[in-house]
Amino acid sequence: MMREQPPRPSMFALHPIEKIRLVKMTWHLLRLLFFSMLILSLLASIALVFLKIRPLPPPEIHATSMLFGVNGESMGPLDMREQRDPIHLNEVPQHLIKATLAAEDKTFYEHGGFSVTGIMRAVFHNLKSRQALQGASTITQQLARNLYLTHDRTWSRKWKEALYTVQLELHYSKDEILEMYLNKIYYGHGVYGIKRAAQVYFDKPVEKLTIAESAFLVGIPRGPQYYSPYHHLDHAIKRQQHILDLMAENHYISVAEATAAKKYDIVIAPQKPTTGLNAPYFRDYVIQTAVNRYGLDESLVRHGGLKIYTTLHPQLQKVAEESVKQTLPNPSNLQTALLSVDPHTGHIKAMIGGKSYPDSQYNRIFAKRQPGSTFKPFVYLTALQHGFTPLTKIESRPTTFIYKGQEYKPRNYQNLYANRPITMREAIAKSDNIYAVRTQFQVGIPSVIETAKRLGIQSDIRATPSVALGSYTVSPYELTQAYATLANGGIHRPLTGILKIVDSQGNVLVEEKSVAKRVIPTAPTFVLTQMLRGVLDSGGTGRRAGQIFQYPAAAKTGTTDYDGWLAAYTPQLATTVWVGYDQGEKIAHRETRLAQFIWGRYMNQSTTIVKPSSFQVPAGVTSKYIDPTSHHVATNQCPSSQLEYFVEGTEPTQLCPLHPEPEKLPIDLPSLWDKFKSWWDRF
């Protein structure tokens, strides 16, 4: 049985002396707390008075970021589109102001610069939705950051932001702060301020913006790249829908108005191009790379006074632009893309993303198109690693293949077949589809896909029979990356256009340090290169380009119903040219050849800038003179022969049976004559 514990004595049961001591201790603590609060309040008041009388620093004057070519040559400002057009708050429609408050700072008119409830609410909603739909910074904090600070994430910057936030609240009214915010905030694509945003995206004044359009614009500053109306319209619409819900939730508009606004058809005005700048597609690429790859803030990239050192060769870029201008018909909707890189470094030397930047800013270097026969070298490179040689023969005739129980019937262009066994060299020069598909089946489709991935193809490719013929879409950027790896002897160098980015204080923000990686052995890569040189010969599909550019080069043409390609390389440059239409319009066969003329003219003119040279034979490769008729090792009796390269161990040994060396007679005629002569003299 448990014993009962005696009750604990209460304060009233304490000894009178103990009671007095407890009361005195409590009194001292209360006095200490009171005076502490008084001192803190006094210090806070002094700090507020100090911040009130202390003038705010002048807003940061934005400096245009500058672009430099590969030799340090200035290419001028990165972007000349930046324009600012201020507006007074009384000119802004009320529903736009309410949309801004709902999206960015619900309690803006109640707090003193910081919102604890706003922070907690944002954290809760973002965790619930698993997306960063709501921000924790108040409008005043955002204005302080945009007016006076950079976008780095250091504690020093956060402390300064807090001080400037308090100062803004002390020096300006809420309406003045909101007006400055609407004029200062960045809306993407070089657009600052709500007035300019309304003009650029909707081609109308702010006063005429609808509720739907207002909510749409208000959503962009949260992520100008992610919510870009030109690049990610679906993201921007989703953000707009969320803001309309917030407006209804906070009783800024009715549920019926929100529902109607969600159904409103958002029509974005066409993007207006930058004028007066060379290499415009490359400039857009630089901005997107700095933001998406290196994580820099877009407004900092565009107007942070940065110095951006690039790999672009201004002279090669000019040659590329002239080649396109001379070749493409005008007027015509036919488009093009050209990308030229140094295969040894991966540095982009020239980039053209379309026929005319003022007409279309869409960069087709990154457009996914069917590569056609330009994909075949990946099949043949795989085959060379499986023991094939340039002399391996396969029948060229109409063939039906069975794959997983299904028939597959590829055909050659215009149904032209050799109707005899042809070598790999012939198949490459003539772009024979039957040879490519049969080779693919012999080495295995997964092996071909693996080779393509190793070289630099990143797009999704499924294991189907049409892989060998380039049925899966890739971009000119990917194809150039793969061919550059071939040109570099199987060593992969990631393509890049930026060498270094330095801020206005001289601090290096970005410095490219790509790593080279061998992905394919040198020997089969070189053997493939030698066979691809035949594409530019008189009997090859790229002969038109070969007639213009007569230096050593490896190439492959590609033709689909919608595309014309020439992907090729020299030891110094890997260059891909694509021609076609944007909207699925079929391309005429004569138009596909224009890719060859663009490539030929560009490469021919490039020799005045980049000195051409020959491909050097690497270790692991051996050569033999081959009779072109029998495809065996040539003898001294063969009327003609051609030099062929092989991976060591796969070279042929059998001599040409059509032109054998003369056999030695069993009788030694010279000795017999000497004996006869000696006998005659004696006689």
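**Helix α9 and the packing around it**

In helix α9, the residues Ala 236, Arg 239, Gln 240, His 242, Ile 243, Leu 244, Leu 246, Met 247 and Ala 248 are buried (buried means under 20% relative accessible area, exposed over 50% and partly exposed in between, with a 1.4 Å probe and protein chains only). The model is a predicted one, in which local features need pLDDT of at least 70 and side-chain atom pairs count only at pLDDT 80 or more, whereas totals for chains, interfaces and linings use all residues. Residues are numbered from 1 along each chain as its sequence is written, and side-chain values use heavy atoms, with hydrogens and water left out.

The protein has 23 helices and 20 strands (DSSP runs numbered from the N terminus, helices being H or I of at least four residues and strands E of at least two). Of its 683 residues, 51% are buried. Among contacts with a separation of 6 or more, 70% are between residues 24 or more positions apart (contact means heavy atoms within 4.5 Å).

Helix α9 covers residues 233-249, and its 17 residues should span 24 Å at 1.5 Å a residue, which agrees with the 24 Å between its end C-alpha atoms (the expected span is 1.5 Å times one less than the number of residues). Its buried residues pack against α2, α8 and α10, the last at residues 255-263. Just after α9, in the loop between α9 and α10, comes His 251, whose phi is near 65°, a positive value in a residue other than glycine. Because its relative accessibility is 71%, His 251 counts as exposed.

Two of the partners of α9, α2 and α8, also pack against each other: helix α2 (residues 94-104) and helix α8 (residues 211-219) have axes 9 Å apart, at an angle of about 40° (axes are lines fitted to C-alpha atoms over the stretch in contact, with angles from 0 to 180 degrees between N-to-C directions). That angle makes α2 oblique to α8, and α2 passes α8 in a right-handed crossing. On the α2 side the contact is made by His 95, Leu 96, Ala 99, Thr 100, Ala 103 and Glu 104, and on the α8 side by Ile 211, Ser 214, Ala 215 and Val 218.

A second helix pair is formed by α14 (residues 376-384) and α18 (residues 476-487), whose axes come within 11 Å and cross at roughly 35°. This crossing is left-handed (the near helix is turned anticlockwise from the far one by less than a right angle; clockwise would be right-handed). Pro 377, Phe 378 and Leu 381 of α14 meet Leu 479, Ala 482, Tyr 483 and Leu 486 of α18. In the loop between α14 and β8 (393-396) lies Thr 389, which counts as buried because its relative accessibility is 10%. Apart from neighbours within four places in sequence, Thr 389 is in contact with Leu 384, Met 424, Phe 646 and Thr 650.

Helix α13 (residues 314-327) has 14 residues and reaches 20 Å from its first C-alpha to its last, close to the expected 20 Å. Its buried residues, among them Leu 316, Val 319 and Val 324, pack against β6 (335-342), β7 (347-352) and α22 (594-606). The loop between α13 and β6 holds Pro 331, which is joined to Asn 330 by a cis peptide bond with omega of about 5°.

Asn 419, in the loop between β10 (406-408) and β11 (420-423), has a positive phi of about 55° although it is not a glycine. At 53% relative accessibility, Asn 419 counts as exposed.

Technical notes: Parallel < 35°, antiparallel > 145°, perpendicular 65-115°, else oblique.
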